[in-house]
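Let's take a walk through a protein together, starting with the overall layout and then zooming in on a few side chains. Keep the picture open as you read.

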Amino acid sequence: MGIFPMLRRDRTTTRTARQALKQARQGVDPGAAEGSALERTVTIIRDVGLDGKLTYASAAEVAKKAQRGSARNRPDRAIRRIVRQHRRGVTAGGFLTGLGGFLTLPILLPTNVVEFYVQATRMVGAIAAVRGYDLADEEVRVRVLAALLGEESGDVLKNIGLGPIAGVAARGAAKKLPMSPQSQVAEAIGGRLLRRFGLRSVRLFGKAVPGLGAVVGAGSDRSQLNRIAKAAQKSFPPVA
């Protein structure tokens with residue numbers, strides 16, 4: 001089962017995503033008590049994307065598979081495989097979401113938003129794993145989420161006290177990170193990420209014509225994933 005149908009069958013995830021989208025459009029502060037849906041959605045994205053769920057492979061498994069055959073000991077080739085795999089996945093998800101226009105978009109959009117970021121998270125995590133990073137490390141997991149913000153990731157990390165990654169030497173910083181769901185990390189990364197949900201939904205609703213919406217959705221998801229892939233490769237340089 002692919003990630004999109006799996007998430008559609010997960011009523012709890014779908015309900016949480018709808019609440020998060022509503023809060024994102026309203027500009028709800030993710031650090032406030034009522035912002036819990038935003039934080040729960042970020043947690044879902046992070047955990048499913050990095051650790052997998054049911055038949056949906058984890059980022060580490062994807063990285064291992066990508067390094068087989070001709071890509072063995074050739075990390076750049078493995079990374080290209082990873083990006084292509086996830087580009088196909090988000091393009092299909094964006095196409096299906098926009099296919100029915102106004103008739104289906106309100107129903108499918110929350111799931112598509114989570115699906116897109118789950119796939120993007122897994123892609124970033126797999127790139128990090130190929131380059132030698134430990135996906136169980138809390139700092140690495142925070143940096144994976146930050147990479148989803150593309151060019152904004154550096155500013156967000158700086159605001160929470162994390163500069164450019166320094167390979168193995170940076171591992172000690174993880175012990176200093178706040179672990180609470182209401183932490184500064186969740187506020188800084190989760191809030192900005194999920195507000196992008198709201199902006200994205202407005203753009204899609206503006207073009208929610210059956211058929212045309214499918215093309216717009218596929219193109220939008222593909223373009224955004226490419227930006228995230230570039231940010232991921234910059235955020236996770238090879239470990240010496």
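## A tour from fold to side chains

The protein has 10 helices and 0 strands. Read from the N terminus on, its elements go α-α-α-α-α-α-α-α-α-α. Bear in mind as we go that what you're looking at is a predicted model. Of the 240 residues in the protein, 53% count as buried.

Let's start with helix H7, which covers residues 138-147. This helix is mostly covered, with 9 of its 10 residues buried. Among those buried residues are Val-140, Val-142, Val-144 and Leu-145, but you'll also find Glu-139, Arg-141 and Arg-143 on the list. So charged side chains sit among the covered residues here, since Lys and Arg count as positive and Asp and Glu as negative.

What caps the N-terminal end of H7? That's Asp-137: one of its side-chain oxygens lies 2.8 Å from the backbone nitrogen of Glu-139.

Now follow Glu-139 a little further. Its side chain meets that of Arg-143 in a salt bridge, at 2.5 Å from N to O. How many residues apart are these two in helix H7? They are 4 residues apart, so about one helical turn separates them. Both Arg-143 and Glu-139 are buried.

That pair isn't alone, by the way: a search of the whole structure turns up 5 salt bridges. Some of them share partners, and in that way Arg-46, Asp-47, Asp-51 and Arg-141 are joined into one network.

Let's look at Asp-47 in that network. It forms a salt bridge with Arg-46, where the closest N and O atoms are 2.8 Å apart. Arg-141 also forms a salt bridge with Asp-47, and there the closest N and O atoms are 3.3 Å apart. This second pair links distant parts of the chain: Arg-141 belongs to helix H7, Asp-47 belongs to helix H3 (residues 36-51), and the two are 94 residues apart.

Are the two partners buried or exposed? Arg-141 has a relative accessible area of 9%, so it is buried. Asp-47 has a relative accessible area of 26%, so it counts as partly exposed.

Next, hop over to helix H10, made of residues 212-235, where you'll find Gln-224. With a relative accessible area of 7%, Gln-224 is buried, because the cut-off for buried is under 20%. Which side chain does Gln-224 touch through a polar contact? It's Tyr-117, and the contact is 2.8 Å. There's another link between far-off stretches of sequence here: Gln-224 and Ala-120 are 104 residues apart along the chain, yet their C-alpha atoms are separated by 9.3 Å.

Finally, let's head out to the surface. Arg-74, Arg-80, Arg-84 and Arg-88 form a positive surface patch there. Take Arg-88 as an example: you'll find it in helix H5, which runs over residues 75-99. Is Arg-88 buried or exposed? Its relative accessible area is 56%, so Arg-88 is exposed, the cut-off being over 50%. Set that beside Arg-141, which is buried at 9%, and you have two arginines in two quite separate settings: Arg-88 is part of a surface patch, while Arg-141 is part of a salt-bridge network.

Notes:
Residues numbered from 1 in each chain as written. Predicted model: local features only at pLDDT ≥ 70, side-chain atom pairs only at ≥ 80, totals over all residues. Heavy atoms only, no water. Salt bridge = Lys/Arg side-chain N within 4 Å of Asp/Glu carboxyl O. Buried < 20%, exposed > 50% of the residue type's maximum accessible area, 1.4 Å probe, protein only. Polar contact = N/O pair within 3.5 Å; in protein donor to acceptor, adjacent residues only side chain to side chain. Patch = residues over 30% accessible without salt bridge, like charges linked within 9 Å, V, L, I, M, F, W, Y side chains within 5 Å. Areas by Shrake-Rupley, 256 points an atom, 1.4 Å probe, with all protein chains shown as cover. Charge placed at Lys NZ, Arg CZ, Asp CG, Glu CD.
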